[in-house]
Amino acid sequence: MTYGIAMLIDEGLVVTVDSRTHAGVDHVSTFRKVTFFENPGERAIFLMNSGNLSVSQSVVNLLSDGFPEPDRPQRMTAAPTMLDAAKMVGAAIREVYRVDATDLRAQGIDHSVLMILGGQIKGDRMRLFQIYSAGNFIEASPDTPYFLIGEMKYGKPIIDRVIRNSTPLNDALKCTLISMDSTMRSNVSVGLPLDVAAIRRDTFRFAVRRRIEDGDGYFDDLRRRWGEGLRSVFESMPGPTWCA
């Protein structure tokens, strides 16, 4: 299972995603679910993935190494705009399906993927896209400034209550970590390590790229304070007057 969050607010972009791909009684595996494409001062782009891991990795390899056909855009690092980058991700998904989908279906394997692409290229505005298995996509807007993928039901309420377009970037980052903590507490299939990144608008570089491992001091303190704060607020609220 996966839980991933990407937000586009006035100050920039924030992304947080877990790395757990399987959580069973005797087997837990982790894989990085976000790829970064950066040329500092010229472009900063992230691609988050969920769904079939082999398909996702094949898509990332195409975007990193280039399509074999000379008439296609070759690499994510060469995309002239973020819209072109989103189209390139869609084309890569369709190319992987063209090669592998028949064999995957024959084995009864779910080969669907869902990806979130965000970033900014110099000369273009900052943008955030959610890209589906068919290669089509939608774009975030001021009315819908964030996308979530995977196990979202536990962490979405805090985002809905807190996040606004005017939310400072650092507060948005903090909110994604609290949202992730809420999910991890309720679903064992989401877990550490977490990959966290942020891009400030018009800087064309990552302000933050961090992997949060077990024992991370800030994250442990945040989880403790959030839990204590919730209990304190709960205990301070009056009980129902109609309950004897």
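Here is a walk through two sheets, the helices that pack on them, and some of the side-chain pairs. Keep in mind as you look that this is a predicted model.

Let's start with the sheet that takes in the beginning of the chain. It is an open sheet of 5 strands, and if you read across it you meet E10, E1, E2, E11 and E12 in that order, with antiparallel pairing. Strand E10 (146-150) and strand E12 (206-212) stand at the edges with a single partner strand each, so each of them has one side without a neighbour in the sheet. Going from strand to neighbouring strand, the turn is 5° on average, direction ignored.

Zoom in on the E1 and E2 pair. Strand E1 covers residues 3-9 and strand E2 covers residues 12-18, and the two pair in the antiparallel sense over 6 bridges. If you want a spot to click on, try Met7, which stands opposite Val14 in E2. Now add the helix: H4 (residues 169-186) packs on this sheet and touches E1, E2, strand E11 (194-200) and E12. The direction of H4 makes about 20° with that of E2.

On to the other sheet. Here again 5 strands form an open sheet with antiparallel pairing, and this time the order is simply E5-E6-E7-E8-E9. The edge strands are E5 and strand E9 (137-139), each of which pairs on one side only. From one strand to the next, the twist averages 15°.

Within this sheet, have a look at strand E6 (residues 43-51) and strand E7 (residues 113-121), an antiparallel pair held over 9 bridges. Met48 has Ile116 in E7 as its bridge partner. Two helices belong in this part of the picture. Helix H1 (residues 53-65) lies across E5, E6 and E7 and runs at about 160° to E6. Helix H2 (residues 82-106) packs on the sheet too, touching E6, E7, strand E8 (127-131) and E9, and its direction makes about 155° with that of E7.

So far this has been about strands and helices; now for the aromatic rings. A pair of aromatic rings is described by how far apart the centres are and by the angle of the planes. The count here is 2 aromatic pairs. In one of them, the ring centres of Phe36 and Phe206 are 5.1 Å apart and the planes stand at 80°; planes over 60 degrees apart count as edge-to-face, so that is what this pair is. Where do Phe36 and Phe206 lie? Phe36 is in strand E5 (residues 34-39) and Phe206 is in strand E12, so the pair ties together parts that are 170 residues apart in sequence. E5 is a strand of the E5-E6-E7-E8-E9 sheet, while E12 is a strand of the E10-E1-E2-E11-E12 sheet. Both Phe36 and Phe206 are buried. Phe206 also has a charged visitor: Arg209 lies over the face of its ring, at 5.6 Å from the ring centre.

Phe129 and Phe137 make an aromatic pair as well, also edge-to-face, with 5.4 Å centre to centre and 80° between the planes. Phe129 is buried, with a relative accessible area of 1%, whereas Phe137 is partly exposed at 27%.

Finally, the charges. Side chains of opposite charge can pair when their charged atoms come close. The model has 18 salt bridges. Take Glu139 and Arg125, whose closest N and O atoms are 3.6 Å apart. Glu139 sits in strand E9 and Arg125 in the loop between E7 and E8, so the pair links parts of the chain 14 residues apart. Glu139 is partly exposed, with a relative accessible area of 30%.

Glu151 and Lys153 meet in a salt bridge at 2.6 Å, N to O. Buried or exposed, what is Lys153? At 52% relative accessibility Lys153 counts as exposed, because the cut-off for that is over 50%. Its partner Glu151 is buried, with a relative accessible area of 10%.

Asp181 and Arg223 form another salt bridge, at 2.4 Å, N to O. This pair links helix H4, home of Asp181, to helix H5 (residues 217-236), where Arg223 sits, 42 residues apart. Both of these residues, Asp181 and Arg223, are buried. To finish, find Asp221, Arg224, Arg225 and Glu228, which are linked in a network of salt bridges.

How values were computed:
Residues numbered from 1 in each chain as written. Predicted model: local features only at pLDDT ≥ 70, side-chain atom pairs only at ≥ 80, totals over all residues. Heavy atoms only, no water. Pairing = 2+ DSSP bridges. Helix = DSSP H or I, 4+ residues; strand = E, 2+ residues; numbered from the N terminus. Axes fitted to C-alpha atoms, helices over the stretch in contact; angles between N-to-C directions. Contact = heavy atoms within 4.5 Å. Phe/Tyr/Trp six-rings, centres within 6.5 Å; stacked < 30°, edge-to-face > 60°. Buried < 20%, exposed > 50% of the residue type's maximum accessible area, 1.4 Å probe, protein only. Lys NZ or Arg CZ within 6 Å of the ring centre and 35° of its normal. Salt bridge = Lys/Arg side-chain N within 4 Å of Asp/Glu carboxyl O.
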